[in-house]
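Open the structure in your viewer and get ready to click around. This tour tells you what to select next and what you'll find there.

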Amino acid sequence: MSSLSKAFTSSIGKKFVMGLTGLFLISFLIIHVSINALIFLNDGGETFNVAADFMGHNIIVRILEIGLFLGIILHIVQSLILTQQNNAARPQKYAYNKPEANSKWYSRSMGLLGTLILMFLVMHLYHFWWPTKVAVYTHQEHNTFQNIVMIFQSPIVVAVYILGVVSLGYHLLHGFQSAFQSMGWNHKKWTPVVRTIGVWFSIIVPLVFALMPIAVHFGWIS
Amino acid sequence: MSTGNMNLTLKVWRQKNKNSAGKLVDYQLSGISPDMSFLEMFDVLNEQLITKGEEPVVFDHDCREGICGMCSMFINGQPHGPKDLVTTCQLHMRSFKDGDTIVVEPWRAKAFPVIKDLAVDRSAFDRIIAAGGFVSVNTGNAQDANALPIPKVQADAAFEAAACIGCGACVATCKNASAMLFVSAKVSQLALLPQGQPERYRRVQSMVAQMDEEGFGNCTNTGACEAECPKGISLENIARMNRDYFTAKFASEEEV
Amino acid sequence: MSKLNSNIPEGELTQKWTKYKSSIPLVNPANKRSLEVIVVGSGLAGASAAATLAEMGYKVKCFCFQDSPRRAHSIAAQGGINAAKNYQNDGDSVYRLFYDTIKGGDYRAREANVHRLAEVSVNIIDQCVAQGVPLAREYGGLLDNRSFGGTQVQRTFYAAGQTGQQLLLGAYSALERQVGMGKVQMYTRHEMLDVVVIDGKARGIIARNLITGELERHFGHAVVLGTGGYGNVFYLSTNAMGSNVTAAWKVHKKGAFFANPCYTQIHPTCIPVSGDHQSKLTLMSESLRNDGRIWVPKQKDDPRKPQDIPEEERDYYLERRYPAFGNLVPRDVASRAAKERCDAGYGVGASKLAVYLDFAANTERYGRIEASKQGNHNPDKETCMRLGREVVKEKYGNLFDMYAQITGENPYETPMRIYPAVHYTMGGVWVDYNLMTTIPGLYCTGEANFSDHGANRLGASALMQGLADGYFVLPYTIGAYLSKEIATKPIPTDHPAFVEAENNVKATIDKFLSINGTKSVDHFHKRLGHIMWEYCGMARNRQGLEKAISDIQALRREFWSDVKVPGSADEFNPELEKAHRVADFIELGELMCIDALNREESCGGHFREEHQTEEGEAKRDDENFAYVAAWEYKGESEFELHKEELNYENIKVAQRNYK
C-alpha cells in the first residue's frame, strides 16, 4: 500500500477522515441553522422561503449537497469500521469497569449518539428534503415554511426532533473539540478557546434547531 | 509501628495460562494495615495462600517505587486503582475502607494477552519502540552536549513526554484499547528535541504502522488515558503525533 | 596472588587509557559478524553494552528477567550522573572527579580504573544528549548541574528526580534499535541460572524461560554480566523486588572471584520502615540534601511537632560535626551520623529510628529571592514560604509527591522523616582492567562488578559507571579477547558442558519443588535480612559477625529442608524464581560476613566498631588492608582469599576529612 493511501487507512488516517468529515458537517450545520433562524423574523416565512428556495435550486449548493451526502456516508462508514476494530481490540471485557471515573459518557457514546442522529436524519430528510427534491424535479412550487408548520403540528414529531437535536448537541460536545485534536490542532493557548467555542456551539446550534419545532408547534410564529 | 485492622473482600482474576479461561475468585483478608501498599496487601494474600497449600496469585511488579512500569492491576474498574497519578505499587491501603470489596483484574487488550492471573504480555510496546522510538546515533559519534542549546521550555516539554513508564494503563483504560498515548509520548519527546529532527517523519510513520499491526484500537479522544496515566502524560502529545503523521504522509517525499 | 592480574596498562596515569585503547587488537567487520556475545542484564550497563556491541557488528543476545529491558532497576536512580564537564566553571576537571571518587571510596579503589571512568564521563553526557535524553537545562538552553555529596563542585547532570529513568530509556532505545535491525536478539522474562565453561573459557549460559519454565542453552564466544547489585540480601533495601545476585553468584561458583562483598552502601535518606509488612524501602534522592537540612531535637523523646521546636533546640548534627561539607558529606558518613544520633536516643517518629530532613529554611530563602524578583523586597514569612514552595516543587516535586504517597504526610508542611537504608553494593565480581573476571571470556560490568567505587560510592556515580562500562569501556576491551577467538566456531549446545550445566540447574529446581516444607521463600528471605542488617549492616563487630555466620549456616540448612515452593517447574512460577534467588543470597550473606570479619579496619561502607577514632569516625588500616579482597569459591562455606594490592602512585592516601 502506498504511503499516501495509508495516510487514510491507518488508525490515525481514519481519525483524520472522521475529523475532517465532522468539521465539514459542522460547517453545514452553521448554514442550516442560520437559514432556520430566519423563521424567527416572523414574517410568515417569506425570507425563510426565499433562502430555502435558493438552497434547493442554486447549482453550487446542489453540487455541495452531493459532497455533503458523501461526507455523511464517509463519516458513517468510517465510524462502523472504527467501532468494529475497537471492539476487536478488547475481545475480553472487564468484569468491573468504571469509565465514568476518567471520561464523559457522551465521549464514550459517540456511536450511540450518531445512530440516534442518523435515525432522526432519515425522518428529517423524509419530512423536508424529499418534498423539496420532488418539487425541484417536477417543477412544482414548494412552500417549505407551510410544510414546516404542517409537520410540527404533531407533538410526537416535535418530541422526536428534540431528542434528535439533543443527541446532536452531545455528539457535538465531544465531536467539535475532538475533530481538532484528531487533526492535530492542539495548542496550549488556542485549544482552550476551541473548547469553549465547541461547548457554546454544541449548546446554541441544537437550541436554535429545537426552538423551531417548539415555536411552530406552539404557534409562536406563523 | 502500624497494626492492621482492615478487613477486605478481594475478587481476583485467576487464569492458569494464556490458553485457559479465567474467572474471578473471592478471597477474604483481615488484619490489613492502612500503611501497606496495595502490592504488600497482595504479599499478605500470597503468604496466606502458600501456607494453605494453594497457588499464589501471579502479578507483575518490580521496583515498587512507581517508576519501572511493571505493576499493572485494574483495580475496581480503574488501572492502578482510584488515586490519580499513582501506580499500583504506590497505591496505599489508606485509600480504601474497612469492609471494602476490591475487584482486581489484569489489563485487558488483544495486544496484551494474559500470561497468567494478573500478568500480561506487553512486548508490543517494545516492538513499537524497536520500529522507530530512537535517535539513530551510534556510540561515540556525539558532539559536545552543550554545542546545541535547547530552549528550556522545549527541553521540559520533551522531559514531560519522556516521563512515560510504559506501564500500559492508557491501553488498559481506553474503551478502544488504543496505544496512542504511549506511542505519542515517545514520538513527541523526540519531535521536540533537535536531536530527533533528522528522523522525525520517518519515525512517526514506522511507529504508527507497528502500533496498528499489534492490534491496538483507535483513539477516539475520550481522554481516559490522560486521566489515568500515572505520570500525567498529556493528550497534547497525541495531537502532536497526529500532526507529524499528516505532515509525514502528505508533505514528506520519503516512503516508509 | 598469582591468580590475580589486574592487567593495568603501563605508563602515566592520564595516558594509560588513551594509549591502551589505541593498542587493543581489533576484530575486522567480517569476523565480528560471526562472533557471538551474550549480555545478561539490560540496565544501564547491560543495555548500553548490548547496543554498542551490536552497533560494532557483533552478534548479540541480551537477557533480562523483567518483561522488558526498560524495567531494569537503573530506572529508579533519581538524583543524577556525574561528569567532569566543568560547565559551571567551578574548577572541575577529570583529575578532580578522579580524586573525589578515590577519596569518596575511602582509598580502596584502583587508580587506573577510576581515572578512566572520569575520562569517559564527559563522553557519556554527549552520547546521552545525542540520543535525545532530556537532561535539565537552563533558560539559556545549556545543561544545568547540581551538587552531590562528597564534592565541592557542581558536576551532576540530572533530569528532575528521574535521571536514571531517562538515561536507561536512552540506552533502551539504542538497544531496541538494534533489536529492530535484527542485530540483537532480546530474551525478556529469561533468567540466567548458570554459566557454561568449556576448556576454562566462558562459552554460554543456561537460562530459564520464566513463562514456560523451559531451560534453554545459549552459546556465546564471550559472556557479559550486567546484572546489578546484591542489596536485596538484606531483604529490605531500595533495590527492586527482583534485583538479585544469582547470575553473579553462579559465575562465582564456577570460578569467578567475588571481591569486597562486605562493602555495602547504606543510603542516609530513605523513608523509614513503617511496619512488618514492608516489602521494600524507598529512597529520597541525595539531591534533596542540597536544600534540606538534617536535624534531631536536642532533647530526647521531644514530644513536640517538629515545626514547634525552636531553632536553638535543634541539633543540626551534620553541620555541627562537618562544617566544611555540612549536609553534603558522603553517604557512609551521613548514615553513620544518623545511626549515632538514633542509638543515642534522639531519634524521631513512632519507631524512634528516623531523623528530620527539613526544607523550611531553604524554602524561605527561595521565597525571598522570588519575592525580590517580583519587586517585593520586604516580604513576610508567609509570602516567602508560599513562593518558596513553588520553587521547591519545581525542583523536587516528584520526590515530595512520592513521600506524601507513602507516608500520608505533606512534606511541604512538615519535615520529612528519613533513615538510612541499604542502597548499593560496591563489592561484586572481581574484574581486571578489561572488566574480565577470573574466568576468561566472562566479563562483568556496572554494579555487578567491584571495580570503581572502592569502599563507598559517591552519589551520581553509579549511573556514570554503568554507562562508562557499557558504552565506552567494555566494547573496546572485549576486543582484546575476541580478536583471539575469530577461529572459534560456535560450539553446539549439545556439548557435554552444556548438558551438565542444564542438568545441574534442573536438579536444583527439582530439589526446590520436592522439599514441600512449611515456610515460604519470603519467610527465609526476611530472616536472612534481619541477620544481615543486625550484624553486617551499618556497624559490624567480630562477635556479631561470627554469630551471623553460624546463624546463616543454620538458616541455610533450614531453608533446604523446610522451604515450600508451590506450583511446578514448567509454568510461570515467581515463587520458584524467588527460591533460586534466596538460596544464592543465603550463600552470599555468609561470604559477606566472612569478608567483613576478615577486614579488620573501618573504611567507607564497612564500619567495624573495633576500629574507630575517638570521635567515632572510621579508622582505616592502610598498612594491612590496602587491598581488594577477592574470594574464590572452594565449596560450601569455603572461600579462599586472594589479595590484590592497591598502589596509589598519583594520590596521597590520607584520612578522609570532611570537617
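Between which chains are there the most contacts, among the 2 pairs of chains that touch? Chains B and C take that spot. Before you zoom in, keep in mind that you're looking at a predicted model.

**Stop 1: where B meets C**

Show chains B and C together. This contact takes 67 residues from chain B and 64 residues from chain C. Now pick out the chain B side: the elements giving two or more residues to it are helix 1 (38-51), strand 6 (114-116), helix 2 (123-132), helix 3 (152-162) and helix 5 (180-192) of chain B. Color that side of chain B by residue type and you get 33 nonpolar, 19 polar and 15 charged residues.

**Stop 2: where A meets B**

Next, bring in chain A. Its contact with chain B takes 38 residues from chain A and 43 residues from chain B. On the chain A side, helix 1, helix 2 (11-37), helix 4 (59-88), helix 5 and helix 8 (155-182) of chain A each give two or more residues. Which of these gives the most? That's helix 2 of chain A, with 5 residues. By type, the chain A side that touches chain B splits into 16 nonpolar, 15 polar and 7 charged residues.

What about chains A and C? No contact joins chain A and chain C, and their closest C-alpha atoms lie 20 Å apart.

**Stop 3: chain A by itself**

Hide everything but chain A. How many helices and strands does chain A have? You'll count 9 helices and 0 strands, so to speak of its order from the N terminus on is just to say α-α-α-α-α-α-α-α-α. Along its principal axes, the C-alpha trace of chain A spans about 55 × 40 × 40 Å. Of the 222 residues of chain A, 30% count as buried. Look at contacts in chain A between residues at least 6 apart in sequence: 78% of them join residues at least 24 apart.

Now color chain A by pLDDT. The average is 93, and 100% of the residues score at least 70. Among the elements of chain A, helix 1 (residues 3-9) has the lowest mean pLDDT, 85, while helix 5 (residues 105-108) has the highest, 97.

**Stop 4: strands in chain B**

Switch to chain B and select strand 5 (residues 101-105). Strand 1 (residues 6-14) of chain B runs parallel to strand 5, and 4 bridges join the two. To see one of the pairings, click B:Leu10, whose bridge partner in strand 5 is B:Ile102. Strand 3 (residues 74-75) of chain B runs antiparallel to strand 5, with 2 bridges joining them. Here you can click B:Phe74 and find its bridge partner in strand 5, B:Glu105. If you're wondering what holds such pairs, strands of a sheet pair through backbone hydrogen bonds, either parallel or antiparallel.

**Stop 5: chain C as a whole**

Now show chain C alone. It has 17 helices and 19 strands. The radius of gyration of chain C is 24 Å, close to the 26 Å that the globule rule gives for 659 residues, so chain C is as compact as a globular protein of that length. Its C-alpha trace spans about 80 × 55 × 50 Å along the principal axes. Of the 659 residues of chain C, 60% count as buried. For contacts in chain C between residues at least 6 apart in sequence, 73% join residues at least 24 apart.

**Stop 6: helix 9 of chain C**

Select residues 331-343 of chain C, and you have helix 9. Its 13 residues reach 18 Å from first C-alpha to last, close to the 18 Å expected at 1.5 Å a residue. Why can helix 9 of chain C be called largely enclosed by the rest of the structure? Because 11 of its 13 residues are buried. Among them are C:Val333, C:Ala337 and C:Cys342, and also the charged-looking names you might click on, C:Arg331, C:Asp332 and C:Lys339.

To see what surrounds helix 9, add strand 11 (264-270), strand 12 (293-297), helix 8 (317-321), strand 14 (355-358) and strand 15 (416-425) of chain C: the buried residues of helix 9 pack against these. Then step just past helix 9 to C:Gly345, which takes a positive phi of about 95°.

**Stop 7: a sheet in chain C**

For the last stop, find an open sheet of 4 strands in chain C, with the order 16-10-18-19 and antiparallel pairing. Which are the edge strands? They're strand 16 (428-429) and strand 19 (638-645) of chain C, and each pairs on one side only. Zoom in on strand 10 (residues 258-259) of chain C, which is joined to strand 16 by 2 bridges and runs antiparallel to it. Finish by clicking C:Ala259, which stands opposite C:Gly428 in strand 16 of chain C.

Key: Residues numbered from 1 in each chain as written. Chains lettered and ligands numbered in written order. Predicted model: local features only at pLDDT ≥ 70, side-chain atom pairs only at ≥ 80, totals over all residues. Rg over C-alpha atoms; globule rule 2.2 N^0.38 Å. Buried ≥ 20, exposed ≤ 12 C-beta atoms within 10 Å, placed from the backbone. Contact = placed C-beta atoms within 7 Å. Expected span 1.5 Å × (residues − 1). Nonpolar A, V, L, I, M, F, W, Y, C, P; charged D, E, K, R; others polar. pLDDT = per-residue confidence, 0-100. Pairing = 2+ DSSP bridges.
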